[in-house]
Amino acid sequence: MEESICSEQVSVDIDKLNKLLACALRDKLREESPSLSENCIFKVPGTLRRRNETCYEPKIFSIGPFHRGKNRLGPMEKTKMWYLRCLLVRLPIPPEESLQLFIRKIRELARRTINCYAEKIDLSENKLVEMMIVDGCFLLELFRRDAWLVPRHQDDPIYNTSWMLENLYHDLILLENQIPCVLGLPNQHKQGCGFAL
């Protein structure tokens with residue numbers, strides 16, 4: 001009789017443990033996939049990065065959020081802001097109005113922009129919008145100058161420093177150094193991600 005009581009207690013205790021474990025597992029279940037179909041800008045996996053960390057790090061320019069704010073890349077932020085100003089003053093509407101228009105349009109795309117990154121982006125919406133405007137306009141101005149569509153300034157550090165352009169182009173092809181191209185592509189997110197534009 002004593003054996004029967006002990007086995008019932010063990011059975012009850014195991015059933016209780018099983019229910020607790022089932023509840024704990026249920027709480028960890030996800031309704032959404034851990035990866036969104038919109039994810040198109042990724043970080044380099046650690047197994048590749050370990051071989052040569054510097055291969056995956058920008059040398060002089062940070063584009064996008066992954067390397068933003070690193071001290072060694074800070075000096076070029078002034079060049080990006082100068083390029084933004086150069087672009088704004090050539091537009092047919094005053095710079096202040098242009099900036100407000102840019103901010104309004106990019107803010108509308110903030111959620112789609114964040115979803116393009118596979119990693120969590122730790123930026124406020126304002127900082128994200130600012131980054132997209134500064135980096136996006138910098139790239140537009142850079143490519144326009146490179147194609148001679150707009151004049152190059154005589155004091156332009158990118159074109160007047162012999163080593164700058166080569167290093168900049170290296171930085172622009174890095175997997176982690178990108179912003180998504182999400183403008184004007186309402187249902188074609190795969191085509192609109194992963195470009196350094």
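Q: Which residues are linked with R49 in a network of salt bridges?
A: Welcome to this predicted model. The structure holds 13 salt bridges, and some of them join up into a network. Starting from R49, the linked partners are E53, E57, K70, R72 and E176.

Q: How many residues apart in sequence are the parts tied together by the salt bridge of R49 and E176?
A: The side chains of R49 and E176 meet in a salt bridge, with N and O 2.0 Å apart. R49 sits in helix 2 (residues 46-49), while E176 belongs to the segment after helix 8, so this pair ties together parts whose separation in sequence is 127 residues.

Q: Are R49 and E176 buried or exposed?
A: A residue counts as buried when its relative accessible area is under 20%. R49 has a value of 13%, and E176 has a value of 2%. Both values fall under the cut-off, so R49 is buried and E176 is buried.

Q: Where do K70 and E57 lie?
A: K70 forms a salt bridge with E57, and their closest N and O atoms are 2.9 Å apart. The pair ties together parts that are 13 residues apart in sequence. For each of the two residues, the place is the loop between helix 2 and helix 3.

Q: Which is buried and which is partly exposed, K70 or E57?
A: Buried means under 20% relative accessible area, and partly exposed lies between that and 50%. K70 comes to 30%, so K70 is partly exposed. E57 comes to 12%, so the buried one is E57.

Q: How many helices and strands does the protein chain have?
A: Stepping back to the whole chain, the elements from the N terminus on run α-α-α-α-α-α-α-α. In total the secondary structure comes to 8 helices and 0 strands.

Q: What share of the residues in the protein chain is buried?
A: The chain exposes about 13000 Å², and carbon and sulfur atoms supply 57% of that area. Among its 197 residues, the buried share is 34%.

Q: Among contacts between residues at least 6 apart in sequence, what share joins residues at least 24 apart?
A: Contact here means heavy atoms within 4.5 Å. One pairing of residues from separate parts of the chain is F42 with E176. Across the protein chain, the share asked for is 64%.

Q: What distance separates the end C-alpha atoms of helix 3?
A: Helix 3 covers residues 76-90, which makes 15 residues. At 1.5 Å a residue, they should span 21 Å. The distance in the model agrees with that expectation, at 22 Å.

Q: Which helices do the buried residues of helix 3 pack against?
A: The buried residues of helix 3 are M76, T79, K80, Y83, L84, C86, L87 and L88. They pack against helix 4 (95-108), helix 6 (125-146), helix 7 (157-160) and helix 8 (164-172).

Q: How are helix 3 and helix 6 oriented to each other?
A: The axes of helix 3 and helix 6 come within 8 Å and cross at roughly 75°. Angles from 65 to 115 degrees count as roughly perpendicular. Helix 3 and helix 6 are therefore roughly perpendicular.

Q: Which residue of helix 6 meets K80 in a salt bridge?
A: K80 lies in helix 3, and its partner lies in helix 6, so the pair ties together parts that are 55 residues apart in sequence. K80 is buried, and so is this partner. With N and O 2.7 Å apart, the residue that meets K80 is D135.

Q: Which residues does T79 touch, not counting those up to four places away in sequence?
A: T79 is found in helix 3. Its relative accessibility is 8%, so T79 counts as buried. The residues T79 touches are F61, P157 and I158.

Q: How far apart in space are F42 and C116, C-alpha to C-alpha?
A: F42 has its place in the loop between helix 1 (2-28) and helix 2, and at 36% relative accessibility F42 counts as partly exposed. F42 and C116 are 74 residues apart in sequence. In space, C-alpha to C-alpha, their separation is 8.7 Å.

Q: What is the phi of W148?
A: W148 is in the loop between helix 6 and helix 7, and with a relative accessible area of 57% W148 is exposed. W148 is not a glycine, yet its phi is positive, at about 60°.

Methods: Residues numbered from 1 in each chain as written. Predicted model: local features only at pLDDT ≥ 70, side-chain atom pairs only at ≥ 80, totals over all residues. Heavy atoms only, no water. Helix = DSSP H or I, 4+ residues; strand = E, 2+ residues; numbered from the N terminus. Expected span 1.5 Å × (residues − 1). Buried < 20%, exposed > 50% of the residue type's maximum accessible area, 1.4 Å probe, protein only. Areas by Shrake-Rupley, 256 points an atom, 1.4 Å probe, with all protein chains shown as cover. Salt bridge = Lys/Arg side-chain N within 4 Å of Asp/Glu carboxyl O. Axes fitted to C-alpha atoms, helices over the stretch in contact; angles between N-to-C directions. Parallel < 35°, antiparallel > 145°, perpendicular 65-115°, else oblique.
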